[in-house]
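User: Please examine the following entry and discuss its packing and local backbone features.

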Amino acid sequence: MRDLETRELRYFVTVAEELHFGRAAERLGIAQPPLSRAIRQLEQRLGVRLLDRDRRGVALTEPGRVLLREAKVALDAVTAAARRTRRAADPKRPLVLVTKAGASHELLQRLLDAVAAEPGAPPVEVLLCEVGEQAGLLRDGQADVAIMHRPFDDLAGFDTEDLVVEGQVAILPAAHPLAAREQLTLAEVSDVPDLPIARWPRLDGTYPPGPGPEVRTQSQLAQLVALGRTLLVIPASSRAWQWPEHVAVPVVDAPEVTTVLAWPASSRSPAVAALVRSAAALDKNP
């Protein structure tokens, strides 16, 4: 079988994301008939049906879901290869470290100070993102290293260095009765009728079931907590973005969270290696 082409994968991923050939064609800047032909030819070459098409619309088959997942990884790798090749031509370029906005400022500052103290250390550019975006930015080459959280973030394909292990807290509206408690349990915060837990998208982009609001950004979440519409449970250090209208209460039985420095397992960058050495030398209990 002839090798798959990146063009074919991009066509399929766009259709799979839109589940509508017209919208996919518009996104790709091509006409719909050649897009439909390309998808049919891809199915014929693979010998599987990737999409179910009927009057109600388009849906992914199980093989289609597998190809969507694998195609995204392959396309990210191609994009990353181009980006890293271009950046390698500039020996003075900064090392890009991505972290979610609102992560521990104190931990990040200690890491940056440790790197800066190393003779000949490269400059570090900090790229801020929303929750869960670090893995994509690493995979497509926009970042060299990332601060992430185990077990919440997608660490597949990355090497890691543990930075700190911590508990979790509930972020509540200051006026809510639970905000006056010294500590809470997961059972107590998981079923509050007037304050359902906010729902973040899972790794596949879908949301878990539940009555809580669907959120994608920390600014959305902060506003909803301040309005008394939701609560959340997060690593203790992530409360750096906490508003005056919020209160953080320890959740004593919540699983511990490990903050890690992550980088692509295939990386051979001396700059990344220097940053990892600095991270490994940090005092884990400052």
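The exchange below takes up the core, a sheet, a helix and two backbone details.

User: On what basis are the values given?

Analyst: The model is predicted, so local features need pLDDT of at least 70 and side-chain atom pairs count only at pLDDT 80 or more, while totals for chains, interfaces and linings use all residues. Residues are numbered from 1 along each chain as its sequence is written, and side-chain values use heavy atoms, with hydrogens and water left out.

User: Which element supplies the largest share of the largest nonpolar core?

Analyst: A nonpolar core is a set of buried Ala, Val, Leu, Ile, Met, Phe, Trp, Tyr and Cys residues joined through side-chain atoms within 4.5 Å; buried means under 20% relative accessible area, exposed over 50% and partly exposed in between, with a 1.4 Å probe and protein chains only. The largest core has 21 residues, and Phe 12, Val 15, Phe 21, Leu 35, Ile 39 and Leu 51 touch the most other members. At least two residues each come from α1 (6-18), α2 (21-28), α3 (32-46), β2 (57-60) and α4 (62-88), these being DSSP runs numbered from the N terminus (helices H or I, at least four residues; strands E, at least two). The largest share, six residues, is that of α1.

User: Which strands stand at the edges of the open three-stranded sheet?

Analyst: The sheet has the order β8-β7-β9 with antiparallel pairing, where two strands pair if DSSP finds at least two bridges between them. β7 (residues 168-173) and β9 are joined over six bridges, and Ala 170 stands opposite Val 249 in β9. Each edge strand has a single partner, so one side of each is left without a neighbour in the sheet; these strands are β8 (232-235) and β9 (246-251).

User: Over what arc do the buried residues of α9 lie?

Analyst: In α9 (residues 270-280), the buried residues are Val 272, Leu 275, Val 276, Ser 278 and Ala 279. The exposed residues Pro 270 and Arg 277 are on the face turned away from that buried side. The arc is that of the directions from the helix axis to the C-beta atoms. The buried residues are on the same side of α9, because they cover an arc of only 160°.

User: What is the phi of Leu 19?

Analyst: Most residues other than glycine have a negative phi. Leu 19, in the loop between α1 and α2, is partly exposed at 34% relative accessible area. Although Leu 19 is not a glycine, its phi is positive, at about 50°.

User: Which residues does the cis peptide bond join?

Analyst: The proline concerned, Pro 151, lies in the loop between β5 (145-150) and β6 (158-166). With omega at about 15°, the cis bond joins Arg 150 and Pro 151.
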